[in-house]
Amino acid sequence: MIPYGRQEISSQDIAAVERVLKSDFLTQGPVVPRFEHAVRSKVCADHAVAATSATTALHLACKALGLGQGDVLWTSPNTFVASANCALYCGADIDFVDIDERTFNMCPNKLREKLETAHAENRVPKIVMPVHFAGQSCDMEKIFDLSQEFGFSIIEDASHAIGGKYKGDPIGNCRYSDITVFSFHPVKIITTGEGGMAVTNKVHLAEKMALLRSHGITRDKCCLSNCNEGAWYYEQVDLGFNYRMTEMQGALGLSQIVNLEEFVNKRHVLADSYYNLLQHLPLTLPFQDADNYSSFHLFPVQIKSDRVAKSRKDVYAELQERKIGVNVHYIPVHTQPHFRDLGFFAGQFPNSEKYYANALSIPLFHHMTEEQQKTVCEALGDALA
Ligand SMILES: *Cc1c(COP(=O)(O)O)cnc(C)c1O
C-alpha cells in the first residue's frame, strides 16, 4: 500500500525519546518547554503552549479568548470536525463561512457579506477561525482587516501548515491573529504521535492557556489568595483540564522540528512532480497563490466530472484496489449528522459541497519515491480513462 500520508521517524528521533524514558521526568519536565521554544522560534511567535493534540489546543485557545454560552464561532466547512467542535465544547454556537472556489480556504468576500448581515442583526461572532487548508494560508490580511472593522478575535487553525509562509512570513507569527494552532498528528508535517501547540504574541492568552492546560491550578505566589501556607501549596483558580503534553512527545517534536525546512522542501519537490505528471489528466490541480508558500500537507485534486465517465466513488475504489491510499478531505462539516441535528443542512455552503463532490487527496509523504509517484499517476490515469 502507498499511504496518503506517513510520518518520518529517524534514529535520532528514537534516541531522543529513549533518553527521556531513562530520565527523571515523563511529563511536565524540561523537554516540553524546549520544544515550545523551538516551535515559537521557528514560527516567530512570542509564546507557545504545547497540548495533547491540536483539538485540545483549539479548545484552550477558545477558552482563553473567553468563548462561552451565547457566543458564536465561525469556521470553514472544509475542515476536520475538530475546528468546529472546540466551539461546542465551550457551550458556544457554531456557524460556517463558505470557501473560495480556487483556494478551498475561507473566502474573505463571503466573510464580509456574512459579517454585514450579522452586524445588522447584532450577532457578530466572537471568534473567526480560518483553516489553512492543505497547508496554504488563508488571506489573513483581509480577514484581520475585517476583525478590526467588525470586532472579533481570530484563531488560525494551522494544523496543516507549520513550515508554510504567508506573504514571506512564517505561518504562526500571529501578525494577523490572536492565536495560531498546529497539529503534530502523524500525517501532519512534523509529529509527536498525538500532540498540538498554540502560539500567540499575547502574554495574557499564553498564561490563560497554560493555566487551563493543567487543571486551572497555579503555584505562582502572586496569584494565590493565601501565600503563607507553605511550599507544597497550590490553588485551583479556574476550571481547567489535563491537556499536558508528555516528555516523550516533547522529545520527539524537538527532534523532528530540526528537519522542518527539509520536510517542507521535500513536499514541494513531490508536489512539483505531481503538477508535472498530472497536467494532462482530467483533474483540477491545487491552485497555489503567489503570496503563499504552502507546507503541502495534502495534494488535493478534483476530478473533472464533465470529462470523466466514472464517479469519484469508483475512482477512489479502483485506486484503493491498486493499493494507492487515496483519501478525501473534507466532508463538509455542516453535513455531518451531529451538525444537521444543530440545524445545518446540505446546500448551505455550496462551494465546499461542490469541492467535496470531486475531491481526492493523493499520496504525499516525506520518503515517497519517484517510482511510487509514477505508480500513483499511472493508476490515476487508468482510473480516469
Ligand atoms: C488534524 C486536524 C485537527 C486536529 O488535530 P489533532 O492534533 O489530531 O487533534 C484540527 N484541524 C485540522 C484542520 C486538522 O487537519
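## Close-up views of a predicted model

A search of the whole structure, which is a predicted model, finds zero disulfides. The legends below take up the cysteines, the ligand site, one helix and several loop residues in turn.

**Figure 1. Two cysteines, C138 and C174, are shown without a disulfide partner.** A disulfide requires two cysteine sulfur atoms within 2.5 Å. For C138, the closest cysteine sulfur belongs to C107 and lies 10 Å away, which is too far for a bond. C174 likewise is in no disulfide, the nearest cysteine sulfur being that of C44, at 11 Å. C138 has a relative accessibility of 1% and therefore counts as buried. C174 is also buried, with a relative accessible area of 5%.

**Figure 2. The ligand is shown with the residues around it.** The space that the ligand takes up is the largest pocket. Around the ligand there are 16 residues, of which T55, D157, H160, S183 and K188 come nearest. Two helices, α3 (54–64) and α4 (82–89), each contribute at least two residues to the shell around the ligand.

**Figure 3. Oxygen atoms of the ligand are shown beside A54, H160 and S183.** At A54 the partner is a polar backbone atom, 2.9 Å from an oxygen atom of the ligand. At H160 the partner is an N or O atom of the side chain, and the distance to a ligand oxygen is 2.7 Å. The side chain of S183 also places an N or O atom 2.8 Å from an oxygen atom of the ligand. On its own the ligand has 390 Å² of accessible area, and the protein covers 93% of this.

**Figure 4. Helix α3 is shown within its surroundings.** Nine of the eleven residues of α3 are buried, so this helix is largely enclosed by the rest of the structure. The buried residues are A54, T56, A57, L58, H59, L60, A61, C62 and A64. In an α-helix there are 3.6 residues a turn, so residues three or four places apart point the same way. Helix α3 also takes part in the ligand site, where it supplies at least two residues of the shell.

**Figure 5. The two ends of α3 are shown with S53 and G66.** S53 caps the N-terminal end of the helix, with a side-chain oxygen 3.3 Å from the backbone nitrogen of T55. T55 is also among the residues that come nearest to the ligand. After α3 comes G66, which has a positive phi near 80°.

**Figure 6. A cis peptide bond is shown between H329 and Y330.** The omega angle of this bond is about -5°. H329 has its place in the loop between α10 and α11, and Y330 is in the loop between α10 (312–321) and α11 (337–340). H329 is buried, with a relative accessible area of 6%. A polar contact of 3.5 Å joins the side chain of H329 to that of Y4.

**Figure 7. Two phenylalanines, F104 and F296, are shown with positive phi values.** F104, a residue other than glycine, has a phi near 65°. Its place is the loop between β3 (93–96) and α5 (108–120). With a relative accessibility of 5%, F104 counts as buried. For F296, phi is near 50°, again a positive value in a residue other than glycine. F296 lies in the loop between β13 (292–293) and β14 (300–303). F296 is buried, and its relative accessible area is 3%.

**Figure 8. Two pairs of residues, S305 with N358 and I9 with L60, are shown with their C-alpha separations.** S305 is found in the loop between β14 and α10. At 46% relative accessibility, S305 counts as partly exposed. S305 and N358 are 53 residues apart along the chain, and their C-alpha atoms are separated by 7.1 Å. I9 belongs to the segment before α1 (11–21). I9 counts as partly exposed, at 38% relative accessibility. I9 and L60 are 51 residues apart along the chain, with 29 Å between their C-alpha atoms. L60 is one of the buried residues of α3.

Conventions: Residues are numbered from 1 along each chain as its sequence is written. This is a predicted model: local features need pLDDT of at least 70, side-chain atom pairs count only at pLDDT 80 or more; totals for chains, interfaces and linings use all residues. Side-chain values use heavy atoms; hydrogens and water are left out. Buried means under 20% relative accessible area, exposed over 50%, partly exposed in between (1.4 Å probe, protein chains only). A residue is near a molecule or strand if one of its heavy atoms lies within 4 Å of it. A polar contact is a pair of N or O atoms within 3.5 Å; within protein, one must be able to donate a hydrogen and the other to accept it, and residues adjacent in sequence count only if both atoms are side-chain atoms. Accessible areas come from the Shrake-Rupley method with a 1.4 Å probe; for residues, only the protein chains shown count as cover. On a 1 Å grid over the protein atoms alone, a cavity is a set of points where a 1.4 Å probe fits but cannot get out, and a pocket is an open set with protein on both sides within 12 Å along at least five of seven lines; lining residues have an atom within 4 Å of a point. A molecule sits in a cavity or pocket if more than half of its atoms lie within 2 Å of its grid points. Helices (H or I, at least four residues) and strands (E, at least two) are DSSP runs, numbered from the N terminus.
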